[in-house]
Amino acid sequence: MKLREIMSKTVVRIHPEETVAVAARMLEHNNIGAMPVCGSDGRLCGMLTDRDIVTRCLAAGKAPQNTSVREIMTGKVYVGRPDMEVSMAAGLMGREQIRRLPVMENGKLCGMVSLGDLARKEESSIEAGDALTEISSHLSSRE
């Protein structure tokens with residue numbers, strides 16, 4: 001099974017110069033925990049998670065209404081391709097401790113895959129479980 005078969009094709013994204021306050025409202029409004037950060041040209045330049053907002057903005061004493069997304073986003077982003085095997089994506093997500101994987105084609109964002117997307121497909125639910133187990137084991141080892 002390929003990522004194109006399970007990825008969400010409609011992806012909420014934000015511009016890097018937008019404020020963290022706007023980003024937080026977008027996350028809440030869309031009931032999501034992360035979104036890609038894309039420049040005006042549509043190219044991916046980072047990811048922003050609700051955890052980024054809490055740890056890099058609020059806990060750091062920054063004002064969300066005066067802080068740009070660029071200042072707190074995660075710049076290093078792992079990506080998949082539409083033709084990537086789901087098992088390969090699940091392995092990457094587990095190894096790199098990521099729950100959401102942007103899908104890129106021809107340098108542009110074309111979709112997003114989450115562990116939930118993997119788990120909803122019967123053929124890939126084992127890979128999703130393995131990835132979540134790997135992510136969870138790394139989290140508990142950091143405490």
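**View 1. The whole protein, with six helices and four strands.** This is a predicted model, and its secondary structure adds up to six helices and four strands. Starting at the N terminus, the elements follow the order α-β-β-α-α-α-β-β-α-α. The protein has 143 residues, and 38% of them are buried. Take the contacts between residues at least 6 apart in sequence: 53% of these join residues at least 24 apart. As for the outside, the accessible surface is about 7900 Å², and carbon and sulfur atoms account for 49% of that.

**View 2. Helix 1 and its buried face.** Helix 1 covers residues 20–30, and its buried residues are Val20, Ala21, Ala23 and Leu27. Looking down the helix axis, you'd find these buried residues within an arc of 160°, so they line one face of helix 1. What do they pack against? The buried residues of helix 1 meet strand 1 (34–38), strand 2 (44–49), helix 2 (50–58) and helix 3 (69–72). Swing to the other side of helix 1 and you get Arg25 and His29, which are exposed.

**View 3. Asparagine 31, just after helix 1.** Here we're in the loop between helix 1 and strand 1, which is where asparagine 31 sits. The thing to look at is its backbone: asparagine 31 isn't a glycine, yet it has a positive phi of about 55°. Is asparagine 31 buried or exposed? With a relative accessibility of 70%, asparagine 31 counts as exposed.

**View 4. The hairpin of strand 1 and strand 2.** These two strands run antiparallel, and five bridges join them. One pairing to pick out is proline 36, whose bridge partner in strand 2 is methionine 47. Between the strands of this hairpin there are five residues, and glycine 42 takes a positive phi near 85°. Strand 2 itself is mostly covered, with five of its six residues buried.

**View 5. Cysteine 38 and cysteine 45, two cysteines without a disulfide.** How many disulfides does a search of the whole structure find? The search comes back with zero. For cysteine 38, the nearest cysteine sulfur is that of cysteine 45, 6.5 Å away. Flip it around and the story holds: cysteine 45 has the sulfur of cysteine 38 as its nearest cysteine sulfur, at 6.5 Å. A disulfide would need the two sulfur atoms within 2.5 Å. As for cover, cysteine 38 is buried, with a relative accessible area of 4%, while cysteine 45 is partly exposed at 26%.

**View 6. Aspartate 52 in helix 2.** Buried or exposed: which is aspartate 52? The residue counts as buried, at 6% relative accessibility. Leaving out residues up to four places away in sequence, aspartate 52 touches Met47, Cys57, Ile72, Met73 and Thr74. One of these names may ring a bell from View 4: Met47 is the strand 2 bridge partner of proline 36.

**View 7. Arginine 4, in the segment before helix 1.** Now for the early part of the chain. Arginine 4 is partly exposed, and its relative accessible area is 39%. Which residues does arginine 4 touch, setting aside those up to four places away in sequence? The answer is Lys9, Pro82 and Asp83. Arginine 4 can also be set beside cysteine 110: the two are 106 residues apart in sequence, and their C-alpha atoms are 9.3 Å apart in space.

**View 8. Glutamine 97, in the loop between helix 4 and strand 3.** The last close-up looks at the stretch linking helix 4 (86–96) to strand 3 (100–105), which is the loop that holds glutamine 97. Glutamine 97 has a positive phi of about 60°, although it's not a glycine. With a relative accessibility of 27%, glutamine 97 counts as partly exposed. Compare View 3, where asparagine 31 has a positive phi of about 55° and isn't a glycine either.

Definitions and conventions. Residues numbered from 1 in each chain as written. Predicted model: local features only at pLDDT ≥ 70, side-chain atom pairs only at ≥ 80, totals over all residues. Heavy atoms only, no water. Buried < 20%, exposed > 50% of the residue type's maximum accessible area, 1.4 Å probe, protein only. Contact = heavy atoms within 4.5 Å. Areas by Shrake-Rupley, 256 points an atom, 1.4 Å probe, with all protein chains shown as cover. Arc of directions from axis to C-beta. Pairing = 2+ DSSP bridges.
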